[in-house]
Amino acid sequence: MRQVHRAEHLLPGDYVRTGYARFSADGPRAGEYYARIEHVEHIIRPGFVISGAGFGLDPTVKRLVGLRIQGMPGPVLLRAGDHHAADAIDEERQRWDRLHPTWPEAFTPIFVGGELPAVPPSAREGTAGPEEIRSSPGREIERRPMSFEKPASALCVGDYLQTQACRFPAEDMGFDEGFWRVEWIAHLEGKALQALLADPAWAGGKVTLAHVYGISGVLVIPETTVRVLVVPNPERLRNDLDGPWHEKPYFHFDGATVPDENDQRRRDAVLRPPAPADEADLYPSSFSSPDDRTLFMEGVTGIRPVPVSRLPWPHRLSKCHHFRRLEAIEKTYPEDWYAGQVAHAELFARLTPEDFAACPYHQGDWTAIAEAATELAAAELDDDDERQRMANAMEHLGERDREWARALVQDPICWDDNHDSLTNGQHRTCALRAAGVPYLPVEGRYLPDSDPPDAVDARTHAQQTVQGFWHDVLTAVLGPTHPLVRAAPLMVRFPALRRLLFSARRHRE
């Protein structure tokens with residue numbers, strides 16, 4: 001559970017969120033995304049940021065909030081707005097955190113214009129700090145990933161920086177807990193430090209500003225040593241690249257310079273130790289299927305043409321004109337997700353052209369709609385303005401069919417290769433199947449160099465799906481060598497036999 005507070009309402013003793021959704025087979029651990037605030041500093045009308053520039057500022061900057069958080073290599077300047085804080089943290093951890101602060105107990109301002117909050121915020125409910133609870137420890141890690149130290153000014157975009165040095169008890173921390181990906185850096189030095197820092201000597205000559213995954217603000221690091229991973233978890237890296245925390249700077253700092261990425265890499269190469277040969281294999285995989293992992297690691301996300309016969313059958317067409325017939329078929333199936341999809345395939349195989357015509361989703365010219373949508377998707381990928389203009393016009397289609405065609409690209413059917421369900425397109429997919437459309441544009445994750453299988457006629461695909469399901473059921477109930485396994489076609493043709501099978505199964509159990 002968590003609380004939500006405005007930045008200006010956070011207090012020392014709160015456990016503010018400093019991380020989010022660490023992609024790992026072993027996480028998250030209890031309380032790992034939260035760390036204790038030791039000091040809160042309000043900066044009134046800060047002169048070191050450019051007013052109105054960046055996501056984290058209101059148009060008129062009247063106040064910034066700086067936090068000194070346990071275990072962090074520098075203070076954090078929070079973006080404006082709401083922030084999450086833990087409402088409960090292990091009692092032994094809270095006791096340990098109070099006894100082992102990172103920052104000096106006496107408050108002195110770090111930033112120009114910084115001061116203690118005058119009074120506790122009246123708009124806030126409750127006292128500072130989370131409830132004390134007892135947490136169960138996670139599985140202890142035998143070997144942790146290798147890390148090394150380097151100057152803060154040598155940080156690179158892509159480094160996994162340690163922003164939480166320790167969470168009590170240390171042995172409870174996950175594989176790469178406390179390390180988060182750096183998404184943006186800039187440097188401040190010389191006279192620019194005088195506008196930022198109450199005591200410019202604190203910087204040690206240079207300040208590194210960093211956006212770090214999971215931190216809703218800018219980390220301000222003096223020229224000290226920081227710790228980064230030698231080799232990050234490959235699966236976590238893939239996840240973080242696909243879904244960055246925040247791509248643009250929260251603030252624009254007066255006098256800040258973004259270092260040359262190649263220069264930073266060359267400096268890092270001198271400092272970074274060689275990794276053990278098996279370092280990447282140290283991390284346990286989050287995937288049980290090698291194919292799923294390959295799709296995650298090597299796939300790309302976008303719109304591509306997909307054979308309609310590759311797409312899963314619907315799982316709940318509640319608005320279908322023939323929904324009552326579907327419910328009757330479902331009663332002859334076991335109660336599970338995939339069985340419901342097979343029931344939809346069976347309904348599809350039974351419907352006649354007249355049945356399809358009675359459903360409003362099937363009124364369009366779906367063959368022409370799919371062709372126009374496929375051309376529009378290809379034109380957008382081609383980056384040809386004239387081709388896009390012509391493809392979007394769709395002058396050969398009626399107004400309603402143009403809306404359907406554009407929706408297939410602008411509000412697409414979503415499906416990742418080999419997944420067992422699709423979203424945002426069950427009715428449209430049914431209409432496309434009924435029209436005999438072999439391919440359609442679908443958005444999702446796929447392997448760019450793989451060749452999709454040939455399309456299969458929709459009715460044939462439906463019949464194969466139903467017969468294959470009942471073959472698997474008979475095999476599971478009777479055993480693979482039982483002669484009645486070959487009776488799967490009869491189970492399809494005579495649904496009453498399914499009741500006899502379930503009765504026999506219940507009797508056996």
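Is C414 buried, exposed or partly exposed? With 24% relative accessibility, C414 falls in the partly exposed group, because that group sits between the cut-offs of 20% and 50%. Keep in mind that you're looking at a predicted model. Here's a quick tour, starting with the whole protein and then zooming in on a few residues.

**The whole protein**

- The protein's secondary structure adds up to 15 helices and 17 strands.
- If you drew a box around the C-alpha atoms along the principal axes, it would be roughly 85 × 65 × 55 Å.
- The radius of gyration is 30 Å, while a compact globule of 509 residues would come out near 23 Å.
- Take the contacts between residues at least 6 apart in sequence: 77% of them link residues at least 24 apart.

**Surface, burial and charge**

- Of the 509 residues, 47% are buried.
- The accessible surface is about 25500 Å², and carbon and sulfur atoms account for 51% of that.
- On the charge side, you'll find 57 positive and 76 negative side chains.
- The centres of those two charge sets are 4 Å apart.

**The cysteines**

- How many disulfides does the structure hold? The count is zero.
- C414 helps show what that looks like up close: the closest cysteine sulfur to its own is in C430, 18 Å away, so the gap is too far for a bond. To count as a disulfide, the two sulfur atoms would have to be within 2.5 Å.
- C156 is a buried cysteine, because its relative accessibility is 2% and the cut-off for buried is under 20%.

**Zooming in on F502**

- You can find F502 in helix α15, which covers residues 496-508.
- Its relative accessible area is 15%, so F502 counts as buried.
- What does F502 touch, leaving aside its neighbours within four places in sequence? Its contacts are T332, Y333, P334 and W470.
- F502 and V477 are 25 residues apart along the chain, and their C-alpha atoms are 9.3 Å from each other.

**Zooming in on Q94**

- Q94 belongs to helix α1, running over residues 91-99.
- Q94 is buried too, because its relative accessible area is just 6%.
- Setting aside neighbours within four places in sequence, Q94 makes contact with Y15, I89, P130, E131 and E132.

How values were computed:
Residues numbered from 1 in each chain as written. Predicted model: local features only at pLDDT ≥ 70, side-chain atom pairs only at ≥ 80, totals over all residues. Heavy atoms only, no water. Buried < 20%, exposed > 50% of the residue type's maximum accessible area, 1.4 Å probe, protein only. Helix = DSSP H or I, 4+ residues; strand = E, 2+ residues; numbered from the N terminus. Rg over C-alpha atoms; globule rule 2.2 N^0.38 Å. Contact = heavy atoms within 4.5 Å. Areas by Shrake-Rupley, 256 points an atom, 1.4 Å probe, with all protein chains shown as cover. Lys, Arg positive; Asp, Glu negative; His and termini not counted. Charge placed at Lys NZ, Arg CZ, Asp CG, Glu CD.
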